[in-house]
Amino acid sequence: MEYVIETEELTKTFGSNEVLRGISLRIKQGESYVVIGGSGSGKSVLIKCILGLIEPTGGVIKINGKDVAKLSPKELYKIRLKCGVLYQGGALFDSLNVIENVSFGLIYGLHVSPKEAYRIALEKLEAVDLDKSVATIYPAELSGGMSKRVALARAIATDPDIIFFDEPTTGLDPITSGIINDLIVRCTKEMGISAVSITHDINSLKHISDRVGLLFKGKIIWEGTNRELITTDNPYVVQFINGNSVGPFTAAS
Amino acid sequence: MLLDKIGSLFIKFLCSIGSISLFSARAVISGFMPPYYWKQIFYQAIQIGYFSLPVVGMTALFTGMAMTLQCYAGFSEFTAENAIPSVVMIAMTRELGPVLAALMVAGRLGAAMTAEIGTMKVTEQIDALTTLSVNSYKYLVFPRILTGTFLVPFLVLIDDIIGILGGYLVGVYYLNFNAANYIRNTLESLVAWDIVSGLIKGAVFGFVICLMGCYHGYFSKGGAEGVGRATTNSVVASSIMILLLDGVLTFVLF
């Protein structure tokens, strides 16, 4: 079976700090995989390694069956066009307005004409329940929830095969978080896009995941389906899901 | 112990030089390959060339004025007042024009570049550029370096003209020089090489300012404090480099 994302014994070290210690993941087409773990457990580093933003120290990363380490920069750019990313803070370009942000990847990445790119961008804004009126607003004027929606519209604008969500509901109120979760499910399931997410938000986790991996000290120590997450007696998962202060997770870990 | 420290500082210094060289090579090489981001280049040209004019012009005007007065104080003791227009002209075109314009641009634009790119770095906007398949060196760095290299000489030229004009205003309207004589003395000592050497300095300074501004922003880390530190480092590094290169270039172009 071909996986959209595959990692084998992925390691990443910063100086003497071993952040990832042999991660092996396999994510299927159309699957929504969520990585959970404590702060500093290496979740963001894992995603950045997969996206090629950080060079791993060791191991193999394959996207759509292609070993990214063996790709030329040009091929890597092509692979990246098939990946959408929703960053934790949105990472919208401050100097560009909403429509320019959403159409950015289309114009500069796919080299679509600006007119066509704006038409597609408006469609994507509609897909995340935003209308034309926000098109000329700059990111600084948007609320947290709206920023996330615009960032989501930008992430899906190039019709990616895989979307990465970096803590998509962080800093949002429960209602807005629920709306973002619904949008994520809608975008991934309706469009058949595979998703890799990292989150601390348990509600979001239950809502958007098909499969979950628990990252602890740079290793995936538990992996299971959304349903198994609730039924497992793994002490790490139980403590994480219930937010208990007592258990195998400590503040130092 | 002391040797250890000196050695480690020296290695750090060499690493920085290597890192800056690689950074500039990446930016320049990527910039010359299609696609070309004309909109970005045009935007930066306006920022550097147009919006820097007031601050550069003001500096030049007052420097030219002050210089004429200071020269008069010294030259009048030897009844050598006639040499003032030539001295002001040579000083402005060969030295003060390029250095002052560059220092002003470093303070205004170098800092702004570092702050803007640094903020983009810490808010993951540069990562977003990369994941949208846009080469951040080509999109962010090259347009700045290109326009800085070509437009700082233009600012130097404006600086020269306004500085000489400042000298003329003080000379004619305050020190009561004869206007026609002042202009004749200025033009008689005008040598094309004086202006060209100043423009060459301007191009080198423009490249250095933009390179430093982008480099420090691109590698800033640690949130707002990190961006602030990078901005300070950028301005200090640019200013030192301008003065250092001014010395070197003056020897080379003398």
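What share of the contacts in chain B with a separation of 6 or more comes from residues 24 or more positions apart? In this predicted model, the share is 88%. Let's start with chain B and then turn to chain A.

**Chain B**

Chain B has 9 helices and 0 strands, so its pattern along the sequence reads simply α-α-α-α-α-α-α-α-α. Its C-alpha atoms fill a box of roughly 65 × 55 × 30 Å along the principal axes. Among its 254 residues, 46% count as buried.

Helix 3 of chain B is a good place to look inside. This helix covers residues 53-75, 23 residues in all. From first C-alpha to last, helix 3 of chain B reaches 32 Å, close to the 33 Å expected at 1.5 Å a residue. Its buried residues include B:Val56, B:Thr59, B:Ala60, B:Thr63, B:Met67 and B:Cys71. An α-helix has 3.6 residues a turn, so residues three or four places apart point the same way. Glycines are on the buried list too, with B:Gly57 and B:Gly64 among its members. The cover over the buried residues of helix 3 includes helix 4 (84-122) and helix 6 (136-173) of chain B.

Earlier in chain B, the peptide bond from B:Pro34 to B:Pro35 is cis, with omega near 0 degrees. B:Pro35 sits in the loop between helix 1 (2-31) and helix 2 (38-50) of chain B.

**Where the chains touch**

The contact draws 11 residues from chain B and 16 residues from chain A. On the chain B side, these are 4 nonpolar, 5 polar and 2 charged residues.

**Chain A**

In chain A, strand 1 (residues 5-14) and strand 2 (residues 17-27) pair in the antiparallel sense over 8 bridges. One of the partnerships joins A:Thr11 to A:Arg21 in strand 2. The hairpin of these two strands has 2 residues between them, and A:Gly15 takes a positive phi near 60 degrees there.

Most residues other than glycine have a negative phi, and most peptide bonds are trans. Two residues of chain A with positive phi are worth finding in the structure:

| Residue | Phi | Loop in chain A |
|---|---|---|
| A:Asp129 | near 65 degrees | between helix 4 (114-127) and helix 5 (144-157) |
| A:Lys217 | about 50 degrees | between strand 9 (211-216) and strand 10 (219-225) |

Are these residues buried or exposed? A:Asp129 is partly exposed because it has 13 other C-beta atoms within 10 Å. A:Lys217 is partly exposed as well, with 15 other C-beta atoms within 10 Å.

Notes. Residues are numbered from 1 along each chain as its sequence is written. Chains are lettered from A and ligands numbered from 1 in the order in which they are written. This is a predicted model: local features need pLDDT of at least 70, side-chain atom pairs count only at pLDDT 80 or more; totals for chains, interfaces and linings use all residues. Helices (H or I, at least four residues) and strands (E, at least two) are DSSP runs, numbered from the N terminus. A residue is buried if 20 or more other C-beta atoms lie within 10 Å of its own, exposed if 12 or fewer, and partly exposed in between; C-beta atoms are placed from the backbone. Two residues are in contact if their C-beta atoms, placed from the backbone, lie within 7 Å. Two strands pair if DSSP finds at least two bridges between them. The expected span of a helix is 1.5 Å times one less than its number of residues. Ala, Val, Leu, Ile, Met, Phe, Trp, Tyr, Cys and Pro count as nonpolar, Asp, Glu, Lys and Arg as charged, and the others, Gly among them, as polar.
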